[in-house]
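I opened this notebook to record what I looked up in one structure. The entries follow the order of my reading.

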Amino acid sequence: MAVEPPHPPPPRGHLSSGNGGKFQHPKLLPKAHPTTTSLPIAEIGVGTTGFGIFFILFGMFLYFDSVLLAFGNLLFLTGLSLIIGLRKTFSFFFQRHKLKGTSFFLGGVVIVLLRWPLLGMLLETYGFFNLFKGFFSVAFGFLGNTSNIPFLSVLFQRLQGTSSMV
């Protein structure tokens, strides 16, 4: 007795015996689910980070209002962790060579939460520049290469510096 090999499934949009001989349009067939499930969380994180930056700027415009600055800091850090994930956020802030910047940045956040907004924002700014100093050279280099305006390209090339991103 010979065993019959399995038949391949019919291509999408063709008649098959599995659906009672009815024609199914390819757009009506179920689609595979996307593999990344964190996309909506990342979108929420972008919005949260944007609101955090807005509240920080608004708090600075209102003569360093401590409540707005504290709320902006919390929204910014929450949004950042939603965008890149808790593990990556933790590993970014607590790398050995970034501990100085992290301590100043997070210390500034704590000082703002304790209602010393001017001192806290100064500490945060210093920590922010220490944390992202490798990124600034890359960003200025990118802006200098893409700019067609001679004055700006020379300015960006001077600001680019030689520090590495690591």
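The entries below go from the chain as a whole to helix packing, aromatic rings and single residues.

**Entry 1: the chain as a whole**

I note at the outset that the model is predicted. I counted the elements and found seven helices and zero strands in the protein chain. From the N terminus on, the order reads α-α-α-α-α-α-α. I then looked up burial: 27% of the 166 residues of the protein chain count as buried. For the contacts with a separation of 6 or more, I recorded that 46% join residues 24 or more positions apart.

**Entry 2: helices α1 and α2**

I asked at what angle α1 and α2 pack. The angle is about 155°, and the axes are 7 Å apart. Angles over 145 degrees count as roughly antiparallel, and α1 and α2 are therefore roughly antiparallel to each other. I recorded their crossing as left-handed.

I also looked up Val46, which lies in helix α1. Between Val46 and Leu80 the sequence separation is 34 residues, while their C-alpha atoms are 7.7 Å apart in space. I asked whether Val46 is buried or exposed. Val46 has a relative accessible area of 52% and is therefore exposed, the cut-off for exposed being over 50%.

**Entry 3: the loop between α1 and α2**

In the loop between α1 and α2 I stopped at Phe64. Its phi is near 55°, which is a positive value in a residue other than glycine. Phe64 has a relative accessible area of 28% and is entered as partly exposed.

**Entry 4: the two sides of helix α3**

Which residues of helix α3, residues 86-93, are buried? I found Thr89, Phe92 and Phe93. Viewed down the axis of α3, these buried residues fall within an arc of 90°, so they line one face of the helix. I set beside this the general rule that an α-helix has 3.6 residues a turn, so residues three or four places apart point the same way.

On the other side of α3, I found Arg87 and Phe90 exposed. I next asked what the buried residues of α3 pack against. Their partners are α2 (66-84), α4 (99-113) and α5 (117-131).

**Entry 5: aromatic rings**

I searched the whole structure for aromatic pairs and obtained 10. One of them is Phe55 with Phe71, an edge-to-face pair with 5.0 Å centre to centre and 80° between the planes. This pair links distant parts of the chain, as Phe55 belongs to helix α1 (residues 39-61) and Phe71 to helix α2, 16 residues apart. I looked up the accessibility of Phe71 as well: at 41% relative accessibility, Phe71 counts as partly exposed.

I then turned to Phe90 and Phe94. Their ring centres are 4.7 Å apart and their planes stand at 40°, so the pair is tilted. Phe90 is exposed, its relative accessible area being 55%. For Phe94 I recorded a relative accessible area of 41%, and Phe94 is therefore partly exposed.

Which residues do ring pairs link into a cluster? I listed Phe92, Phe93, Phe105, Phe128, Phe129 and Phe132. Phe92 and Phe93 had already appeared among the buried residues of α3.

**Entry 6: helices α4 and α5**

I looked up the geometry of α4 and α5: they pack at an angle of about 155°, with their axes 7 Å apart. α4 and α5 are therefore roughly antiparallel to each other. The crossing of these two helices, α4 and α5, is left-handed.

I also listed the residues that meet. On the α4 side they include Lys100, Gly101, Phe104, Phe105, Gly108 and Val112. On the α5 side they include Pro117, Gly120, Leu123, Glu124, Gly127, Phe128 and Leu131. Phe105 and Phe128, both entered here, are also members of the ring cluster.

**Entry 7: the loop between α4 and α5**

My last look-up was Arg115, which lies in the loop between α4 and α5. Its phi is near 70°, a positive value in a residue other than glycine. I asked whether Arg115 is buried or exposed. Arg115 is exposed, with a relative accessible area of 58%.

How values were computed. Residues are numbered from 1 along each chain as its sequence is written. This is a predicted model: local features need pLDDT of at least 70, side-chain atom pairs count only at pLDDT 80 or more; totals for chains, interfaces and linings use all residues. Side-chain values use heavy atoms; hydrogens and water are left out. Buried means under 20% relative accessible area, exposed over 50%, partly exposed in between (1.4 Å probe, protein chains only). Helices (H or I, at least four residues) and strands (E, at least two) are DSSP runs, numbered from the N terminus. The arc is that of the directions from the helix axis to the C-beta atoms. Contact means heavy atoms within 4.5 Å. Rings of Phe, Tyr and Trp (its six-membered ring) pair if their centres lie within 6.5 Å; planes under 30 degrees apart count as stacked, over 60 as edge-to-face and the rest as tilted. Axes are lines fitted to C-alpha atoms, for helices over the stretch in contact, and angles run from 0 to 180 degrees between N-to-C directions. Angles under 35 degrees count as roughly parallel, over 145 as roughly antiparallel, 65 to 115 as roughly perpendicular and the rest as oblique. A crossing is left-handed if the near helix is turned anticlockwise from the far one by less than a right angle, and right-handed if clockwise.
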